[in-house]
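Here is a quick tour of the sheets, then the pocket and the cavity. Have the model open as you read.

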Amino acid sequence: MQVTKTELNDCYILEPTVFGDDRGYFFESYNKKQFESLIGKSVDFIQDNEAFSKKGALRGLHFQEGDYAQAKLVRVTQGVVLDVAVDLRPNSTTFLQHITVNLSSENKKQLFVPRGFAHGYVVLSDTAVFNYKCDNIYNKASESGVIYNDSDLNIDWKLESQQFIISEKDKVLPTLKELFG
């Protein structure tokens with residue numbers, strides 16, 4: 001497994017070692033000891049989630065507040081997504097900065113998104129299966145987010161806005177200015 005630091009503090013791209021032959025391929029998608037050694041911290045993932053989405057489905061930018069904040073290890077097992085992480089930790093030197101990463105079933109990259117980040121993605125392929133591990137339980141009362149088209153973030157989602165399929169809940173998320181002043 002190879003780990004690459006991103007421009008955002010504590011956020012990493014992980015690339016597994018893939019062993020292939022005429023039968024197909026094999027790789028270890030998660031090894032707790034190796035993962036924690038590579039990122040330099042202990043993370044206790046307690047839940048795995050999966051989402052299937054059509055092209056243009058934009059999910060995010062989501063986070064949970066307070067005691068229910070979540071770190072996530074995300075990957076795509078079918079298709080291609082543009083994954084986005086935004087540092088919302090006021091004491092971080094990368095506060096309010098974001099990164100985008102193409103995650104796909106082909107490149108097998110994973111992104112570690114630490115607690116205190118907003119996270120979202122848009123599906124670039126016809127369909128995609130998105131998988132992620134969380135280190136905390138979901139709590140509806142702690143759910144929050146940032147609007148996907150916040151002008152202060154200026155995220156290039158790689159699709160035209162008329163291609164987006166967005167939930168009603170995500171269409172009314174607050175801006176960064178509304179959250180942080």
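## The five-stranded sheet

Keep in mind that this is a predicted model. Start with the open sheet built from 5 strands, which run β9-β8-β11-β6-β13 across it with antiparallel pairing. Its edges are β9 (98-104) and β13 (143-145), each of which pairs on one side only. On average, neighbouring strands here are turned by 30° against each other, direction ignored.

Now zoom in on one end of that order. Strand β6 (residues 58-64) pairs with β13 through 3 bridges, in the antiparallel sense. If you want a residue pair to look for, His62 has Gly145 as its bridge partner in β13.

## The six-stranded sheet

There is another open sheet, this one of 6 strands in the order β1-β2-β10-β7-β12-β5, again with antiparallel pairing. The edge strands are β1 (2-5) and β5 (47-54), and each pairs on one side only. Neighbouring strands of this sheet are turned by 25° against each other on average, direction ignored.

At the β5 edge, the partner is β12 (residues 127-134): 8 bridges join these two antiparallel strands. One pair to pick out is Ser53 with its bridge partner Ala128 in β12.

## The largest pocket

What lies nearest the centre of the largest pocket? Arg59, His62, Lys72, Tyr132 and Lys169 do, out of a lining of 38 residues. His62 is worth a second look, as this is the residue whose bridge partner in β13 is Gly145. The pocket's volume comes to about 750 Å³.

Both sheets have a hand in the lining. At least two residues each come from β5, β6, β7 (72-78), β11 (117-123), β12 and α2 (168-171). Of these, β6 and β11 belong to the five-stranded sheet, while β5, β7 and β12 belong to the six-stranded one. The edge strand β5 gives the most, with 6 residues. By class, the lining splits into 18 nonpolar, 12 polar and 8 charged residues.

## The cavity

How many cavities of 30 Å³ or more are there? The count comes to 1, and the largest cavity has a volume of about 30 Å³.

Its lining is made up of Met1, Leu14, Ser29, Tyr30, Asn31, Phe35, Leu73 and Gln110. Sorted by class, that gives 5 nonpolar and 3 polar residues, with no charged ones. The lining of the largest pocket, by contrast, includes 8 charged residues.

Conventions
Residues are numbered from 1 along each chain as its sequence is written. This is a predicted model: local features need pLDDT of at least 70, side-chain atom pairs count only at pLDDT 80 or more; totals for chains, interfaces and linings use all residues. Side-chain values use heavy atoms; hydrogens and water are left out. Two strands pair if DSSP finds at least two bridges between them. Helices (H or I, at least four residues) and strands (E, at least two) are DSSP runs, numbered from the N terminus. Axes are lines fitted to C-alpha atoms, for helices over the stretch in contact, and angles run from 0 to 180 degrees between N-to-C directions. On a 1 Å grid over the protein atoms alone, a cavity is a set of points where a 1.4 Å probe fits but cannot get out, and a pocket is an open set with protein on both sides within 12 Å along at least five of seven lines; lining residues have an atom within 4 Å of a point. Grid points are joined across faces, edges and corners, and a volume is the space filled by probe spheres set on the points. Ala, Val, Leu, Ile, Met, Phe, Trp, Tyr, Cys and Pro count as nonpolar, Asp, Glu, Lys and Arg as charged, and the others, Gly among them, as polar.
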